[in-house]
Every structure is written in structure tokens, then in C-alpha cells.
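Hi everyone, thanks for coming. I'd like to walk you through one structure today, so let me put it up on the screen.

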Amino acid sequence: MARKVGSNFQDLLPVMAEKLGGEGLIKELCNGFEVLMDKEKGLITLESLRTNSWLLGVRDMAEEELLSMMREGDLDGDGALNQMEFCVLMFRLSPDLMQHSLNWLQYALEREFN
């Protein structure tokens, strides 16, 4: 189940997906990753998230909220987010987009097997 992390989090991914389409949304997520990542490590670290999140309009997030995002997104347990983990996290934090994706998947499966 997707969770809303942070009191200031506003779910804009569905709007972006509608305006940009699938490929455009992925491109924007990749751009967001580039903004947030530690340039030397090529990963989003807690420090780079703390330092750069304001560039994406995420202000005043508590340290616990940042830690929670990192823990939730860190699928391989290395303490940082690679590009794939970041994109998965963004989808998980977007309940509307997640539901839309599930609806599309269900429709595709029904068409395939009926």
C-alpha cells in the first residue's frame, strides 16, 4: 500500500502522467533523480536528499520523513537509492498513479485472457 510521506507531499505524478504520457513521465522522474543524487556516487543518499530536495519544491521535511523515504525506497539495502529504486518509490508514494497503473494492468490481463 502506498503511503503519503511528509505533511507537505503533494501527489503531482498523476497530473504529470496525464500531460506528459508514460515516456515523458519517466524522463521527468530521471531528471528528478539527477537533481537529487550525490554527483560523485551517482546515487541519492540521505545527505544529497537533505541538501537538494528543496530544488524540487519539497521544503520543511522533517529528518524522520527523509529517513522514512530512504528506508522505504532502498530495496537493495545499501543505504542509498539508485535510479530504479527512486522511480519505484515515486510510484509507490503516488496512490492515484498506482491505482491507475493497477487498473490498466487488470484491463490488459482481462483482454489477454478473455
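Let me begin with a cysteine. Cys-30 is partly exposed, because its relative accessibility is 22%. Its closest cysteine sulfur belongs to Cys-87, and the two sulfurs sit 4.9 Å apart, which is too far for a bond. From the other side, Cys-87 is likewise in no disulfide, with the sulfur of Cys-30 as the nearest cysteine sulfur. Cys-87 is buried, since its relative accessible area is 13%. So how many disulfides turn up in a search of the whole structure? The count is zero. For reference, a pair would need its sulfur atoms within 2.5 Å to count as a disulfide.

Before going further, please keep in mind that this is a predicted model. Mean pLDDT for the chain is 78, with 72% of the residues at 70 or more. Where is the confidence highest, and where is it lowest? Helix H2 comes out on top with a mean of 92, while helix H5, residues 95–113, is at the bottom with a mean of 65. Then there are residues 1–10, where pLDDT stays under 50. The model does give that stretch 18 contacts beyond four places in sequence. Still, where pLDDT is low, the predicted coordinates should not be read in detail.

Now to the charged side chains. Searching the whole structure gives three salt bridges. Let's start in helix H2, with Glu-47 and Arg-50. Their closest N and O atoms are 2.5 Å apart, and they form a salt bridge. The two are three residues apart in that helix, so about one helical turn separates them. Glu-47 counts as partly exposed, at 46% relative accessibility, and Arg-50 is partly exposed too, with a relative accessible area of 33%.

Arg-50 also has a salt bridge to Glu-63, where the closest N and O atoms are 2.6 Å apart. This pair links distant parts of the chain: Arg-50 belongs to helix H2 and Glu-63 to helix H3, 13 residues apart. Glu-63 is at 36% relative accessibility, so it is partly exposed.

Elsewhere, Glu-64 and Arg-71 meet through their side chains in a salt bridge, at 2.6 Å from N to O. Glu-64 counts as partly exposed at 48% relative accessibility, whereas Arg-71, at 53%, counts as exposed. To pull the shared partners together, Glu-47, Arg-50 and Glu-63 are joined into one network by their salt bridges.

Here's a residue you might like to look at: Glu-85, in helix H4, which covers residues 83–92. Is Glu-85 buried or exposed? It is buried, because its relative accessibility is 1%. Leaving aside residues up to four places away in sequence, Glu-85 touches Gly-73, Asp-74, Leu-75, Asp-76 and Ala-80. And if you measure from C-alpha to C-alpha, Glu-85 and Glu-72 are 9.4 Å apart in space, with their positions 13 residues apart in sequence.

Last stop, the surface. Which residues form a nonpolar patch there? They are Trp-54, Leu-55 and Leu-56, and together they have about 310 Å² of accessible area. Trp-54 is found in the loop between helix H2, residues 46–52, and helix H3, residues 63–73. Its relative accessibility is 47%, so Trp-54 counts as partly exposed.

That's my tour. I'm happy to rotate the view for anyone who wants another look.

Notes
Residues numbered from 1 in each chain as written. Predicted model: local features only at pLDDT ≥ 70, side-chain atom pairs only at ≥ 80, totals over all residues. Heavy atoms only, no water. Patch = residues over 30% accessible without salt bridge, like charges linked within 9 Å, V, L, I, M, F, W, Y side chains within 5 Å. Areas by Shrake-Rupley, 256 points an atom, 1.4 Å probe, with all protein chains shown as cover. Salt bridge = Lys/Arg side-chain N within 4 Å of Asp/Glu carboxyl O. Helix = DSSP H or I, 4+ residues; strand = E, 2+ residues; numbered from the N terminus. Buried < 20%, exposed > 50% of the residue type's maximum accessible area, 1.4 Å probe, protein only. pLDDT = per-residue confidence, 0-100. Contact = heavy atoms within 4.5 Å.
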